[in-house]
Amino acid sequence: MALLEINRDECTGCGLCIDVCPFGSLSLDDEDIAVVDETCTACGACLPECPVEALSLPEKEVEEVDLSGYRGVWFWVEQFRGQASSISWEMAGKGRELADELGTTLTACVLGQDVEHIAQEAICYGADRVFLVDAPTLGVYRTDPYAAILVGLVQKYRPEVFILGASSRGRDLAGSVATKLRTGLTADCTGLTIDPETRLLRQTRPAFGGNIMATIICPHHRPQMATVRHRVFEMPEIVPSRQGQVVREGPVMDEDEIASKVVDFITQEGEVNLADAKVIVSGGRGVGGPEGFAPIRELAEVLGGAMGSSRAAVDAGWIPYAHQVGQTGRTVRPDLYIACGISGAIQHLAGMKTSGCIVAINADPEAPIFQVAHYGIVGDLFEVVPALIEQFRQKLQAGG
Ligand SMILES: Cc1cc2nc3c(=O)[nH]c(=O)nc-3n(C[C@H](O)[C@H](O)[C@H](O)COP(=O)(O)OP(=O)(O)OC[C@H]3O[C@@H](n4cnc5c(N)ncnc54)[C@H](O)[C@@H]3O)c2cc1C
């Protein structure tokens, strides 16, 4: 059902609303009056464009929730086989900042089997308190038991903010928890700040294909939930002497209550770890085909780094998706990012622009990638990259 209301008596059929609708939901009918279809998302972009105020969105009734008892910032500590993922500590660092700004405490949620050491680590990374739920049924991540525990904890302790890493598991868990709690969730945030007047969490993320940055708030429900991609926030410093409280929590679902069963783990061959790479050499459409990645791979190997790519190269089938950097690929923050034959579209930049040093190699001196690059080389990558390989090899052999 369409959400936009159109006053047919007022509409003049000028078509201005059609031009601005980002979803193509509006058109003119046989009588030259605007009509809307079910793809309308009630974004409101058309309202200010209508010169005769023929468009309106019905006021939504807001379910009243008492927000006064919600305090504290929480983050989920993702772990695999007893080792915490670095994305969790990035959440700890940002969570600490938010908690300090709100004048409240930071709580970590550590779930798993034999994970007490992670609770201690969470304190060293900034948590004041850790909820530790340690049980054999939590050894392997599964949505049902993990979500049930977090929902129970939120209902019991009422945090105002809850952030999770936007890894595969984090996205899965956050969606499930937010749905059960009937609260809002902003996925893939690139910025989290506090509005000092309202105490609301301002959750910023790219929208409309990365063309605008939208700041989203959740004023009527708690907790305010957000996921953030790997490498968007900096790792905090670990302070081994930090003190905090570990609270053991439960209950945990019995094995026979959990719908999903883990049959086996199969490790993917040649897994690409872009998130942790210190050096990334990426190729784009400019490499011209799958074979064009050979010098890119070689340069990455010489520098002991990983190979990335733009989406254009992935879409063309030249390289697997696991290598894609950008808004719909991986977010990376290596010390050195070398972009070869990549134009620098906003969606690509969204995934790499915070890299320590960006080197762009492109035949077109006007390519937008040069605007973010610290060093730019205008030239044919098939001449420049082999020359770099040669130079780096010589330097490395000479111990330089
Ligand atoms: C919703 C959405 C999400 C997206 N997500 C992503 C994403 O996650 N990651 C991503 O990368 N893109 C993403 N895109 C696509 C993005 O908009 C661009 O289309 C894409 O990044 C372009 O890739 P490219 O730079 O390799 O190709 P092009 O833009 O075609 O650029 C190729 C470049 O190679 C240069 N070149 C050609 N030959 C040579 C040569 N021999 N030597 C040197 N330079 C050469 C050219 O001058 C040109 O600048 C997304 C788009 C949308 C709409």
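In this predicted model, helix α6, formed by residues 293-302, lies across the strands β17 (279-283), β18 and β19. The direction of helix α6 is at about 175° to that of β17. A further helix, α10 (residues 381-397), lies across β19, β20 and β21, and runs at about 135° to β20.

The strands crossed by these helices belong to an open sheet of five strands, arranged in the order β18-β17-β19-β20-β21 with parallel pairing. The edges of the sheet are occupied by β18 (306-309) and β21 (375-378). Each of these two strands has a single partner strand, so one side of each is left without a neighbour in the sheet. On average, and with direction ignored, neighbouring strands of the sheet are turned by 20° against each other. Within the sheet, strand β19 (residues 336-340) and strand β20 (residues 357-362) run parallel and are joined by five bridges. One bridge pairs A339 with A360, the latter in β20.

The ligand is surrounded by 29 residues, of which G284, G286, S310, R311 and G326 come nearest. Two or more residues of this shell are supplied by each of the elements α7 (311-315), α8 (346-349), β20 and α10. The largest contribution comes from α7, which gives three residues. By residue class, the shell around the ligand consists of ten nonpolar, 15 polar and four charged residues. Strand β20 and helix α10 thus appear in both descriptions: helix α10 lies across β20, and both elements give residues to the shell around the ligand.

Technical notes
Residues are numbered from 1 along each chain as its sequence is written. This is a predicted model: local features need pLDDT of at least 70, side-chain atom pairs count only at pLDDT 80 or more; totals for chains, interfaces and linings use all residues. Two strands pair if DSSP finds at least two bridges between them. Helices (H or I, at least four residues) and strands (E, at least two) are DSSP runs, numbered from the N terminus. Axes are lines fitted to C-alpha atoms, for helices over the stretch in contact, and angles run from 0 to 180 degrees between N-to-C directions. Two residues are in contact if their C-beta atoms, placed from the backbone, lie within 7 Å. A residue is near a molecule or strand if its C-beta atom, placed from the backbone, lies within 6 Å of it. Ala, Val, Leu, Ile, Met, Phe, Trp, Tyr, Cys and Pro count as nonpolar, Asp, Glu, Lys and Arg as charged, and the others, Gly among them, as polar.
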